[in-house]
Amino acid sequence: MEGRSVADVEGPWVEPDFNSSLIERCRKNWSIPVGKLSNYALATFLRQKFALDIVIPEGQRRLQANFVDDTELYDDELANAVQEALKARANTSFERTREG
């Protein structure tokens, strides 16, 4: 279980100039160890591409363990978020390779 939080990777929370339910959810969970986040919060960080180095492995670990906490908005939300994050990370790596 991952003991670091998104704050440990991304830095302290910086308050934006506006508010939304997404911002509230991120703010509430920013400093919570990734291993203790709900699947819904973990999927949120995956979709927003925060701290991918720690949230992708945690998401994969939960999927392999068939961990269900009944917080996801729909079936396979976490699985979809992990797949999207993996694609985004691969595309970013590819772009860096092409530019480098």
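In the predicted model, N66 is exposed, with a relative accessibility of 63%, and this residue is placed in the loop between α4 and α5. The backbone of N66 is also noteworthy in its phi, which lies near 55°, a positive value in a residue other than glycine. A second non-glycine residue with a positive phi is K49, for which the angle is about 65°. K49 belongs to the loop between α3 and α4 and takes this phi just after α3. With a relative accessible area of 47%, K49 is classed as partly exposed, because the value falls short of the 50% that an exposed residue must exceed.

Confidence was considered next. The pLDDT of the protein averages 92, and 92% of the residues reach a score of at least 70. Among the elements, α3 has the highest confidence, with a mean of 98, whereas α5 has the lowest, with a mean of 80. Where pLDDT is low, predicted coordinates should not be read in detail.

Helix α3 spans residues 39–48 and is mostly covered, seven of its ten residues being buried. These buried residues are N39, A41, L42, A43, T44, F45 and L46. For N39, the relative accessibility is 0%, and this residue therefore counts as buried, the cut-off being 20%. Beyond its neighbours within four places in sequence, N39 is in contact with R62, F67, V68, D69, T71, E72 and L78. With R62 there is, in addition, a polar contact between the two side chains, at 2.7 Å.

The side chain of R62 is also joined to that of E58 by a polar contact of 2.9 Å, so that R62 has polar side-chain contacts with both N39 and E58, given that each pair lies within the 3.5 Å limit. A further polar contact, of 2.6 Å, is made between the side chains of E58 and R61. E58 is found in helix α4 and is buried, since its relative accessible area of 2% is under the 20% cut-off. When residues up to four places away in sequence are not counted, E58 touches M1, E2, V34, G35 and L42; of these, L42 is itself one of the buried residues of α3. By contrast with these contacts, the C-alpha atoms of E58 and G11, which are 47 residues apart along the chain, are separated by 19 Å.

Two residues of helix α1, which covers residues 6–10, were examined for their surroundings. V6 is placed in this helix and counts as buried, because its relative accessibility is 0%. The contacts of V6, residues up to four places away in sequence being left out, are with G11, W30, I32, V34, F45, F50, A51, I54 and V55. One of these partners, F45, is among the buried residues of α3. The C-alpha atom of V6 is separated by 8.2 Å from that of N29, although their positions lie 23 residues apart along the chain when counted as a sequence separation.

V9 is also placed in helix α1, but with a relative accessible area of 39% this residue is partly exposed, because the value lies between the cut-offs of 20% and 50%. Outside the four-place window in sequence, V9 touches A51 and I54, and both A51 and I54 are also touched by V6. A separation of 8.5 Å is found between the C-alpha atoms of V9 and F50, which are 41 residues apart along the chain.

Rolling a probe the size of a water molecule over the atoms shows where empty space is left. In this structure, the largest pocket holds about 170 Å³ of space. Its lining consists of 14 residues, of which N39, F67, V68, E72 and D76 are the closest to the pocket centre. The elements that contribute two or more residues to this lining are α4, residues 52–64, and α5, residues 77–99. Classified by chemical character, the lining comprises six nonpolar, three polar and five charged residues. Of the residues closest to the centre, N39 is in contact with F67, V68 and E72, among others.

Notes:
Residues are numbered from 1 along each chain as its sequence is written. Side-chain values use heavy atoms; hydrogens and water are left out. On a 1 Å grid over the protein atoms alone, a cavity is a set of points where a 1.4 Å probe fits but cannot get out, and a pocket is an open set with protein on both sides within 12 Å along at least five of seven lines; lining residues have an atom within 4 Å of a point. Grid points are joined across faces, edges and corners, and a volume is the space filled by probe spheres set on the points. Helices (H or I, at least four residues) and strands (E, at least two) are DSSP runs, numbered from the N terminus. Ala, Val, Leu, Ile, Met, Phe, Trp, Tyr, Cys and Pro count as nonpolar, Asp, Glu, Lys and Arg as charged, and the others, Gly among them, as polar. Buried means under 20% relative accessible area, exposed over 50%, partly exposed in between (1.4 Å probe, protein chains only). A polar contact is a pair of N or O atoms within 3.5 Å; within protein, one must be able to donate a hydrogen and the other to accept it, and residues adjacent in sequence count only if both atoms are side-chain atoms. Contact means heavy atoms within 4.5 Å. pLDDT is the predictor's confidence in each residue, from 0 to 100.
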